[in-house]
Amino acid sequence: MTNKLPTTIAIAGAGLLGRLLAWQLQKSGIQVTLFESGSFTPDTPQTNRAAAFTAAGMVAPLSEAVVSDEGVYRMGVFALQQWPSWFAQLPATETPLFFNNGSLVVAHHQDTSELEQFERELGFVLPGCKGYHHVNQHEIHQLEPDLHSNFHTGLFLSEEGHVNNREFMRLIGDELFRIGTKIRELTPVDVFPGKIVTDSSEEHFDLVIDCRGLGAKKQLRNLRGVRGETLHVETKEIHLQRPVRLMHPRYQLYVVPKPNHRFMIGATQIESEDRSPMTLQSSLELSSALYTLSPAFAEARIIEMDTNLRPAFMDNLPKVDVQDGLIVANGLFRHGYLLAPAVVENVLAHIFNKPEPLFSSLLNQH
Ligand SMILES: Cc1cc2nc3c(=O)[nH]c(=O)nc-3n(C[C@H](O)[C@H](O)[C@H](O)COP(=O)(O)OP(=O)(O)OC[C@H]3O[C@@H](n4cnc5c(N)ncnc54)[C@H](O)[C@@H]3O)c2cc1C
């Protein structure tokens, strides 16, 4: 990056990273133009909407450390501090945008080896980790009285949280309009240093930031999509205070409580870039696993099935590439809400010429 501060910035992609960066940059006095190929306010599942709308919104550094590494854990711990401070800067909402009630990991009696394996893997990635404790049947019942009474053992990860993500995406969208960000929806773009190319124009900016997620695949070698399917159900019969993960030898399910008696159940993780609707097999696996968490889910109404692709590099780790006139931030995989705060802070530090951008050793390596 040159030392001169940009006065005009174009951001390609109004998903999670695009909205967060546009918000921070516009607030700092820079004129931001945000280009989005789809609708800026997609309220129903549609092909090509941001993965940020499909996500469960969990901010789960320990649970995710098990499938990644210590760097992801450190960035996730940063996210747990950053999200609440960002939300405090947004208008108040009826339902909170962030819940920090921890998360609960359980397994049926015959699958306790899966729980032990989860703990072993956690200990391998984070030796001596103290961020969780074992819970017995009574403690599980105290934490989540509506869960099936046959869970005898589990792990309580008290520091994890989750974002009310669709509400957040809507709210930050409104805020971007309010503070004067130029929003250009239904405008797919190609990105170049200092230049955005649309179907009908070529526009110049001091800096371009590429936040197109999987939409950048044509230009980013090694970027791939990883299919994820989710189910949304609604019921007043059961209440959960926190995400619950069910360890199972064939599939792992999580259920995340959402406002208005809704629950999101996810997610499959399939090496495929097929965005077509959920398969029968996935719907059976997700719904039968859900039913074993509590028979009270039997009467829940299925209100949505969603499919999307997680943008991932070969190592499943995020990257921020800084060139003259162009910054590319991508590869958040299944960790968008977990890692976006670290990625955003890193990008901002480069733009504002901070001497030691946060998480540089993790994000800026190539
Ligand atoms: C099923 C599922 C569950 C998930 N659960 C979680 C979770 O619990 N916790 C967590 O931390 N993460 C989760 N994630 C991951 C998270 O959603 C992603 O990592 C995150 O959304 C990536 O953010 P992004 O801004 O890079 O991409 P996106 O959010 O996908 O946004 C990219 C945007 O760019 C736009 N775009 C694409 N091409 C163009 C173009 N040519 N021109 C203009 N605009 C373009 C797209 O329309 C989109 O709006 C989940 C993902 C899935 C699929």
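Let's start with the ligand: 36 residues surround it, and L17, E36, A51, F333 and Y337 come nearest. Here a residue counts as near if one of its heavy atoms lies within 4 Å. Keep in mind that this is a predicted model, where local features need pLDDT of at least 70, side-chain atom pairs count only at pLDDT 80 or more, and totals for chains, interfaces and linings use all residues. Residues are numbered from 1 along each chain as its sequence is written, and side-chain values use heavy atoms, with hydrogens and water left out.

**Around the ligand**

Some backbone atoms make polar contacts with the ligand (pairs of N or O atoms within 3.5 Å):

| Residue (backbone atom) | Ligand atom | Distance |
|---|---|---|
| A56 | nitrogen | 3.1 Å |
| M58 | oxygen | 2.9 Å |
| F333 | oxygen | 2.7 Å |

On its own, the ligand has 1000 Å² of accessible area (Shrake-Rupley method, 1.4 Å probe), and the protein covers 94% of that.

What is the shell made of? It has 19 nonpolar, 13 polar and four charged residues. Ala, Val, Leu, Ile, Met, Phe, Trp, Tyr, Cys and Pro count as nonpolar, Asp, Glu, Lys and Arg as charged, and the others, Gly among them, as polar. Helix 1 (16-27), helix 2 (51-54), strand 18 (301-312) and helix 9 (336-351) each chip in at least two shell residues.

Domain 1 (8-55 + 165-220 + 315-363) and domain 2 (103-158 + 224-312) both give residues to this shell, so the ligand lies between them.

**The second largest pocket**

Now for another spot. The second largest pocket has a volume of about 580 Å³. Its lining has 24 residues, with N164, N165, R166, E167 and R262 nearest the centre. Helix 7 (165-178) is among the elements that each supply at least two lining residues, and helix 7 gives the most, with five. By class, this lining has eight nonpolar, six polar and 10 charged residues. Domain 1 and domain 2 each provide at least three of the lining residues.

Methods: A polar contact is a pair of N or O atoms within 3.5 Å; within protein, one must be able to donate a hydrogen and the other to accept it, and residues adjacent in sequence count only if both atoms are side-chain atoms. Helices (H or I, at least four residues) and strands (E, at least two) are DSSP runs, numbered from the N terminus. Domain bounds come from an automatic or database domain assignment. On a 1 Å grid over the protein atoms alone, a cavity is a set of points where a 1.4 Å probe fits but cannot get out, and a pocket is an open set with protein on both sides within 12 Å along at least five of seven lines; lining residues have an atom within 4 Å of a point. Grid points are joined across faces, edges and corners, and a volume is the space filled by probe spheres set on the points.
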